[in-house]
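Student: I would like to learn how to read a structure that I have not met before. Could we go through it feature by feature?

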Amino acid sequence: MEKKYLALSFDDGPNCTTTAEVLDVLESFGVTASFFLIGQNITPQSIPMIKRQLSLGCTVECHSWTHPHMGSMGAEEIKSEVSRTDQVILEHTGRIPEFFRPPYIDLSETLFNSVEKPFICGADCKDWDDSVSCDERVKMILYAAKEGQIFLLHDMEGNSKTVEALKRIIPALLDQGFTFVTVPDLFKRYSVNPHVRGKIWSNVLE
């Protein structure tokens, strides 16, 4: 039987608490994910989290420097947000991020014209909202699960409900026959070119 692939991705790290807990869960199940980092969160304290992400086979991608609403920003501001983040990630990983997730999924023509990377969104479970319970998070993710899907989650500091939800989501999807890969690998597995002008991806097969 052919494998069915999907990808977990996490926004707003790195930090030394929730990021570490998410990595613990991923490692316990032997699965990988992609982490979309905020540049200003990359500090001497959090750099070991990036090293650990890479050691587990995860990828590190760009989520801007300060997490602003970029849909209303000018081209130079946008380029600065992305290039500063790219450079600090390059310094600590040896790789410039291949993919970009715009904060708040706030888009504009200027943003598409100013960032040359493929744009990533994903199916989410509103896990930035602490009032959304662990059970609700699990339900929303499992409901959205299908081949080629990218999931948008958050490893922001204190987001313990998502850590707990992952402990149920990952084994449930493994039992359904899914294989977890990184966002770059998801495109490669399905031979899909992510560089489509003006498109933001949530599922590589759609």
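**Strand pairing**

Tutor: Let us begin with strands, bearing in mind that this is a predicted model. Within β6, the residue L152 is the bridge partner of S9. That bridge belongs to a longer pairing, since strand β1 (residues 4-11) runs parallel to β6 over 5 bridges.

Student: Which residue of β6 is the bridge partner of A123?

Tutor: The partner of A123 is F151, and strand β5 (residues 123-124) pairs with β6 in the parallel sense over 2 bridges. Between these two strands the chain passes through helix α5 (residues 134-144), and this β-α-β crossover is right-handed.

Student: Is strand β6 enclosed or open, and why?

Tutor: A residue counts as buried when its relative accessible area is under 20%. In strand β6 (residues 150-154), 5 of the 5 residues are buried, so the strand is largely enclosed by the rest of the structure. I150, L152 and H154 point one way, whereas F151 and L153 point the other way.

Student: Which residues have the most contacts inside the largest nonpolar core?

Tutor: They are L8, F10, L26, F35 and F151, in a core of 38 residues. Helix α6 (residues 160-175) supplies the largest share of this core, with 6 residues. A second, separate core has 14 residues, including Y5, V181, V183 and W201. Returning to F151, its contacts beyond four places in sequence include L6, L8, R101, I141 and L173.

Student: How does one check the length of a helix such as α1?

Tutor: One compares an expected span with the distance in the model: at 1.5 Å a residue, the 12 residues of α1 (residues 18-29) should span 16 Å, and the end C-alpha atoms are 17 Å apart, which agrees. Among the buried residues of α1 are V22, L23, V25 and L26, and the elements that cover its buried residues include β1, β2, α2 and α6.

Student: What should I look for in charged side chains?

Tutor: Side chains of opposite charge can pair when their charged atoms come close. This structure holds 12 salt bridges. One of them joins D24 and R52 at 2.7 Å, N to O, linking helix α1 to helix α2 across 28 residues.

Student: Are D86 and K117, which form a salt bridge, buried or exposed?

Tutor: D86 counts as buried because its relative accessibility is 8%, and K117 counts as buried at 12%. The closest N and O atoms of this pair are 2.9 Å apart. D86 lies in helix α3 and K117 in the loop between α4 and β4, so the salt bridge ties together parts that are 31 residues apart in sequence.

Note on methods: Residues are numbered from 1 along each chain as its sequence is written. This is a predicted model: local features need pLDDT of at least 70, side-chain atom pairs count only at pLDDT 80 or more; totals for chains, interfaces and linings use all residues. Side-chain values use heavy atoms; hydrogens and water are left out. A nonpolar core is a set of buried Ala, Val, Leu, Ile, Met, Phe, Trp, Tyr and Cys residues joined through side-chain atoms within 4.5 Å. Buried means under 20% relative accessible area, exposed over 50%, partly exposed in between (1.4 Å probe, protein chains only). Helices (H or I, at least four residues) and strands (E, at least two) are DSSP runs, numbered from the N terminus. Contact means heavy atoms within 4.5 Å. Two strands pair if DSSP finds at least two bridges between them. A crossover is right-handed if, with the strands pointing away from the viewer, the path from the first strand over the helix to the second runs clockwise. The expected span of a helix is 1.5 Å times one less than its number of residues. A salt bridge is a side-chain nitrogen of Lys or Arg within 4 Å of a carboxyl oxygen of Asp or Glu.
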